[in-house]
Amino acid sequence: RSSDLLVNMQVKMEPDAVGLEEVVVIGFGTVKKRDVTGAVAQVKSDVILQTPTSDVATSLQGRITGLDVNGKDLRIRGNRSINGNNAPLVIIDGVQGGSMGDLNPDDIETIDVLKDASSTAIYGSQGANGVIIITTKKAEKGKMQVSYNGYVTGAFREQHPDYRSGENYYEANRVAAQNAGQWSSPSDDLNLFSSNAAYAAYKAGVWTDFDEELQKSTTWSNRHTITLSGGNDKTSARFSLGYAKDGDKWKESAGSDRYTLRANIDHKIHQWIDAGVNFQLTHRRTENSPYQSTPTTGMQLGSPYGYYDDVNDIYKIGTEMVERPLTASEYVNPLINTLGDNLYARESYGTNVVANGYLDIHPIDGLNFRTQVNAHLVNTSVGDYADANSASVIDAGTQQSTASMTKASSTYVEWNNVLT
């Protein structure tokens with residue numbers, strides 16, 4: 001026997017306006033996300049700090065649809081020009097032309113990305129590649145607070161497939177030579193190698209993994225930030241001092257050091273007059289390794305201390321480092337840069353100053369006049385030196401030491417007056 005069971009269910013659907021009340025930065029003002037018709041995305045400080053890195057661009061990877069991050073290169077919805085510049089316009093606290101690499105992630109409140117023509121129209125042709133607007137943190141009213149944020153990270157050397165050595169190397173070359181008609185029997189083994197020295201090194205079983213010799217097993221990085229903030233009903237101020245050390249995976253390199261100083265001060269002059277100053281100073285030093293551009297492909301045969309005895313047709317291992325482990329026409333031993341002091345040096349320095357001051361006058365509700373002066377100053381210098389006994393000069397065959405120094409500076413000043 002069966003019985004019918006009647007169940008009366010009422011389903012009521014309610015709207016879920018996720019993110020519609022968020023305030024985003026558009027052009028010279030802020031609006032709620034529900035009132036924006038263009039393509040805009042926002043990333044807040046808590047999301048930015050989830051990635052342990054000193055580079056703001058790296059913290060945006062995978063956070064915003066349509067934003068492609070490749071090292072320091074950013075693209076919004078792909079490239080728009082074949083030969084022209086495709087980088088988006090970066091605006092930091094209203095100052096155009098800033099660099100995301102100069103910012104301490106701890107100082108950022110929000111990052112707004114304007115993607116399409118309607119949202120970037122106010123910037124004209126400068127916003128053709130999209131616009132990234134960065135708003136830094138302001139102080140909150142209350143007692144002066146001191147905070148610290150920092151981390152230490154270690155990156156292990158990336159694992160590459162094992163290079164061919166021993167019988168694996170021999171068999172791969174033998175099959176290739178046999179298909180090319182250059183090998184038919186073991187008497188043709190010499191044809192498998194670039195020289196008699198290379199063949200002798202193979203028979204002696206001398207191999208070197210230069211990736212392991214030139215790269216660190218672990219690269220250490222760290223970042224530290226000290227912040228002071230506080231204020232009252234009229235004045236609020238926030239100061240931060242940061243240091244970031246990004247290690248380099250290559251040996252003989254100290255990596256890069258970045259020092260940042262930021263000050264944000266806001267003051268209410270009158271009930272309908274506000275003023276403020278934002279200031280940031282960034283100084284960076286980078287030291288490059290002589291191994292950074294060393295191609296290690298095809299360098300596995302031989303030893304940094306090895307040499308070919310052509311009289312006895314054998315490969316020997318000595319006690320002193322050699323310039324060329326095989327023949328005079330084959331690769332240069334990159335480790336000879338460690339034989340003397342200052343055989344190679346490449347250092348770069350950069351100092352950036354981004355500052356602005358503003359005055360807001362709002363005598364009645366719905367009417368606001370804002371005047372703002374922005375300034376962006378950049379100074380960079382790059383120094384190179386390569387001794388005549390360094391690996392790069394020996395490989396080039398110039399037999400002359402080279403040195404160069406390049407300096408550059410730029411100044412950008414802008415005065416905006418906006419009535420809304």
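Does Tyr243 count as buried, partly exposed or exposed, and what is its relative accessibility? That is a handy way into this predicted model, and the points below take up Tyr243 along with the other aromatic residues.

1. Tyr243 has a relative accessibility of 25%, so this residue counts as partly exposed. The cut-off for buried is under 20% relative accessible area, and exposed begins over 50%, so a value in between gets the middle label.

2. Looking across the whole structure, a search turns up 8 aromatic pairs. One of them is Phe210 with Tyr331: the ring centres are 5.9 Å apart and the planes stand at 80°, so this pair is edge-to-face. Have a look at where the two partners sit, as the pair links distant parts of the chain. Phe210 belongs to helix α6 (residues 210-214), while Tyr331 is in the loop between β16 (314-317) and β17 (344-364), 121 residues apart. Phe210 and Tyr331 are both buried.

3. Now back to Tyr243, whose ring partner is Tyr259. Their centres lie 5.1 Å apart with the planes at 45°, so the pair is tilted. Tyr243 is part of strand β12 (residues 235-246) and Tyr259 is part of strand β13 (residues 255-270), so the contact ties together parts that are 16 residues apart in sequence. Tyr259, with 43% relative accessibility, is partly exposed.

4. You may also enjoy the aromatic cluster: ring pairs join Tyr169, Tyr170, Phe193, Tyr199, Tyr202 and Trp207. Tyr199 has a charged neighbour too, since the charged end of Lys203 sits over the Tyr199 ring, 4.5 Å from its centre.

5. A second charge-over-ring arrangement involves Arg174 and Trp183. Here the charged end of Arg174 sits over the ring of Trp183, at 5.1 Å from the ring centre.

6. On the surface, please look at the nonpolar patch of about 750 Å². Its members are Met144, Val146, Tyr148, Ile226, Leu228, Phe239, Ile265 and Val277. Strands β10 (142-156) and β11 (218-231) each supply at least two of the patch residues, and β10 gives the most, with 3 residues.

7. Phe239 is one of the patch residues and is found in strand β12, the strand that also holds Tyr243. With a relative accessible area of 34%, Phe239 is partly exposed. Patch members need over 30% relative accessible area, among other conditions.

How values were computed: Residues are numbered from 1 along each chain as its sequence is written. This is a predicted model: local features need pLDDT of at least 70, side-chain atom pairs count only at pLDDT 80 or more; totals for chains, interfaces and linings use all residues. Side-chain values use heavy atoms; hydrogens and water are left out. Rings of Phe, Tyr and Trp (its six-membered ring) pair if their centres lie within 6.5 Å; planes under 30 degrees apart count as stacked, over 60 as edge-to-face and the rest as tilted. Helices (H or I, at least four residues) and strands (E, at least two) are DSSP runs, numbered from the N terminus. Buried means under 20% relative accessible area, exposed over 50%, partly exposed in between (1.4 Å probe, protein chains only). A charge sits over a ring if NZ of Lys or CZ of Arg is within 6 Å of the ring centre and within 35 degrees of the ring normal. Patches are made of residues with over 30% relative accessible area and no salt bridge: like charges are joined within 9 Å, nonpolar side chains (Val, Leu, Ile, Met, Phe, Trp, Tyr) within 5 Å. Accessible areas come from the Shrake-Rupley method with a 1.4 Å probe; for residues, only the protein chains shown count as cover. A salt bridge is a side-chain nitrogen of Lys or Arg within 4 Å of a carboxyl oxygen of Asp or Glu.
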